[in-house]
Structures are given as C-alpha cells and as structure tokens.
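Q: I am new to this structure and should be grateful for a close look at a single part of it. Please take one loop residue and its surroundings, and explain the terms along the way.

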Amino acid sequence: FAVDPTSAEASCIGGNIAMNAGGKKAVLWGTAVDNLASWRMVDASGHEMEVTRIGHNFGKIHEQERVSFEIRRFRKDGKTLYGQPEILEIPGCRFRKAGLGKDVTDKFLAGLPGVQKEGTDGLIVAARWILHQMPRHTRTICLEFFGQVREAVPAIVEITACFQPGGAGRQAEVRLAGLEHLDERYLRAVGYATKAKRRAETAGRPKMVLIGDLVGDDENAVMSVASAVVRLCNRRGAEGFIAVDAETRRKFWLDRSRTAAISRHTNAFKLNEDVVIPLPRMGEYCDGIERINIELSIRNKLTLCDALGEFLRGDLPLHRGDADLDKEDRKSVV
C-alpha cells in the first residue's frame, strides 16, 4: 500500500484521500492522488459520485502529459445515473510544482472532486488503489550530521540526485523508497540515542539525522549503493549506519514515528505538516525557524520579567496568621 503516512494508525482511507496524504514512501510512489484507481464520495446535496482514473500510468501522476478522469453522478439511491458522465482532463504538471513537489497553494486541482479538498466538497466513502510489489531487498541508512544544518542540507540534494536518471542508484536499479530528516529539536524531544558514540562524547547529539530506505531486487547492488551513500555523507561530516535485518530497520525508523506524537509538549517549536520548500533552501529554512524560536523565547521571558517587576512593586500579601499582628509588626513583616 503506497500511501504510508506517519498517522496511519490514527487516520482513515477517506481522510488520506481528502488530504492527498503521503508519507516516507512518497519519494518512490507518490501521494494518494498518484495511486488512486477510483473513489466514491457523497457531495453536500447527498448525491453520490464516482471518480475513475482513465489510463493510469502506474506511476507518479505528474509524469503523465495528460491525466483523464471520468466523473459519474448518481441519484440518492446510489445506483441510478444522474446526468451524463463527465470527462475531466488535466495536464499532469498541474499536480506538482517544479522544484517543490507537492503544491499546497493549489487545493482546487482543476476541479478534481475529493482529493486535496480536506472534506470541503463531500465525504469519501470508498476507494480502489493501485498496489505495488515491494522489491525483495531493503537497506535502511541512518546518517548523523554533527555540523551546522546548512552544511548538511547539500547531502539531501546529493542523495536524491543519486536516484535520478543517470545517478549511481538508478544505474544499479536501486531505488530510494523513503527519506526523512529530523532536526536537533526533534532529536532532543524524542530522546534520540546517538549511534556514533565517540562523536557523541565530544559533540553531543547530532544537529540533523537523515533516515532512508534503499530497495532493489539485487541484494549486492542495494548494499553497494547504501555504502556509497554513506561515503558521500561522510564527506559532509556525517557518520553513517546501515540496517540489514527488519528489527534494526524498525528501530531506525522508530524515532521518526515518535515525532508525530510529541506535539503536546513541543508547541514552542513544532511546525505542522504541508510545509513545502525547495530542498537546496532547507538550511535557510531551519536557520530561519531557529531564529524565530529564539526571538520569541527572549520576548516571552522579557514580558514575564516586566510582569514580575510590576507585581513586586505592588503591595505584597501577608502570610496567614499575620492578621492579628499590630500595625508596627505588620510594617516589619512587609
């Protein structure tokens, strides 16, 4: 099942469609809209409609020049057609914004019902999905960066380039099935245990951690590409680790899954999902967010100091039991 959001345990199928959800495997198979064969929904008037993708390319939707959907509407019995079927044709490039990936500014999506509308045009009640066969071998890499975030960001760009046409990964028929990053505040919030023990003794926790899945049908090729990615990141000051067995891979991803559950005590720095920026500018983004956090933290502390000073300048309350003291004793207590 290609759509693999972090909120999988708490979300529903209709919600994933309405939000055009993705997840760690989106880098390989895309988001919900890439993998839908058809779906049914009930509009605001109570009528059902069925949307079917015509000529599915079994890949990412933006790689198809023209994308066609058939929209059929039904009367309230859900069976009798209401009007003639409508064919909606959309340029594939409409679904992705160049350099950014998901385009959060285009919720309308050329009028395609349901997807990315967040429930504003109806309720999705059923769906058929494209299923993918997972390659036979998976290696999970964990890369710990101890320098500045802006110095580590080029590694993200270089890793993704390895799996583009002409890259070492593509040539070896190895694919990147997931890539996620955690910054320093998330690492601290989840109590991340640094794997590079020697570096931890001098530098503490990493400034950034990258976790990724590499997949393919040739075990040796997958391991070779994973080693090459680690060496690439070593040049950026990173320490790299490769997980082979399923249990170790699960542990590598566990810290990433924990971030979805820490919002209760990280409101001071957590930015919610759907923040989409160009990868080369990730360093600027992280530095900017850190600056905002520091400025607001200082402002809040200064505001608290002003309030405390005003409180101390006022009449302080007496302790219980002091009410019977005479006037002179009260002055001495104050």
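A: Asn 20 is a suitable place to begin: with a relative accessibility of 3%, Asn 20 counts as buried, a term for residues under 20% relative accessible area, whereas exposed stands for over 50% and partly exposed for values in between (1.4 Å probe, protein chains only). This is a predicted model, in which local features need pLDDT of at least 70, side-chain atom pairs count only at pLDDT 80 or more, and totals for chains, interfaces and linings use all residues. Residues are numbered from 1 along each chain as its sequence is written, and side-chain values use heavy atoms, with hydrogens and water left out.

Asn 20 is located in the loop that joins H1 to helix H2 (26–29). Helices (H or I, at least four residues) and strands (E, at least two) are DSSP runs numbered from the N terminus. The backbone deserves attention here. Most residues other than glycine have a negative phi. Asn 20, although not a glycine, has a positive phi of about 50°.

Thr 31 belongs to the surroundings of Asn 20. Beyond neighbours within four places in sequence, Thr 31 is in contact with Asn 20 as well as Val 3, Ala 21, Gly 22, Ala 26 and Arg 96; contact means heavy atoms within 4.5 Å. Thr 31 sits in the loop between H2 and helix H3 (32–35), and is also buried, its relative accessible area being 10%.

On the other side of the loop, H1 spans residues 13–18 and includes Ile 13. Ile 13 is partly exposed, at 40% relative accessible area.
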